[in-house]
Amino acid sequence: MVSAATWIRYAVGKLQYSASIGWKNYKGGQITDRELGDTIWKNFFQGKLTCLHYIKGEEMAPTLGDQGVTLLVRKIPWVDPKKVFVGDVVLLKDPINSEDYLVRRLAAIEGYEMVSTDEKDEPFVLEKDQCWVLADNENVKPKQEAKDSRTFGPVSLKDIVGRAIYCLRTAVDHGPVNNSPFSMDLDSPVLEVELDVDEMAKSHKA
């Protein structure tokens with residue numbers, strides 16, 4: 001049973017999410033100022049903070065497995081360095097093919113100095129709103145198979161659409177995703193309220 005304190009934390013997070021969605025739509029010209037309030041409350045009462053996403057591939061093994069997994073993703077409509085943190089497993093738009101999505105670990109954000117193991121590469125500092133994402137699997141070839149920032153370079157924080165918070169490999173093999181400690185604390189009320197393993201298992205493609 002979800003405690004009152006958890007419900008309060010969840011409601012606060014949902015209100016912040018709803019306000020972010022409304023403001024983003026307003027700034028994008030999708031709604032008028034008169035519709036802003038209705039949009040916020042509609043998302044608060046009817047929307048969810050999470051969605052399901054299926055991925056297959058060995059790039060994030062062993063963290064997520066390599067046989068195809070269903071992820072519970074916490075949606076983040078307006079990403080900045082205060083909403084995602086180094087160590088988080090994030091869902092982002094593929095920089096090479098904008099119609100696809102990748103799941104990678106956030107390794108660095110704006111202000112970090114990046115130093116390559118290849119002496120031919122010059123060090124550089126990530127600029128504002130830039131981040132560096134990496135595959136977890138150390139056995140894949142960095143520039144040929146990993147399909148991460150070692151291939152396509154820095155990506156915009158705006159390309160991140162959410163954070164993976166729960167992983168289902170099979171109906172009996174599932175659990176929370178290992179993110180940064182701060183994010184895991186932030187996401188704990190969302191997991192308690194919105195996690196439905198049966199629903200994840202029904203939509204699982206493996």
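Is Cys131 buried or exposed? Cys131 counts as buried, at 0% relative accessibility (buried: under 20% relative accessible area; exposed: over 50%; partly exposed: in between; 1.4 Å probe, protein chains only). This is a predicted model in which local features need pLDDT of at least 70 and side-chain atom pairs count only at pLDDT 80 or more, while totals for chains, interfaces and linings use all residues. Residues are numbered from 1 along each chain as its sequence is written, and side-chain values use heavy atoms, with hydrogens and water left out.

**View 1. Cysteines without a disulfide.** The whole structure has 0 disulfides (pairs of cysteine sulfur atoms within 2.5 Å). For Cys131, the closest cysteine sulfur is that of Cys51, 18 Å away and too far for a bond. For Cys167, the closest is also in Cys51, at 14 Å, again too far. Cys167 is buried, with 1% relative accessibility.

**View 2. A nonpolar surface patch.** Leu15, Trp41 and Phe45 make a nonpolar patch of about 360 Å². Patch residues have over 30% relative accessible area and no salt bridge (a side-chain nitrogen of Lys or Arg within 4 Å of a carboxyl oxygen of Asp or Glu); like charges are joined within 9 Å, and nonpolar side chains (Val, Leu, Ile, Met, Phe, Trp, Tyr) within 5 Å. Areas come from the Shrake-Rupley method with a 1.4 Å probe; for residues, only the protein chains shown count as cover.

**View 3. Leu15 in helix α1.** Helix α1 spans residues 4–27 and contains Leu15 (helices: DSSP runs of H or I, at least four residues, numbered from the N terminus). Leu15 is partly exposed, at 38% relative accessible area.

Definitions and conventions: Helix = DSSP H or I, 4+ residues; strand = E, 2+ residues; numbered from the N terminus.
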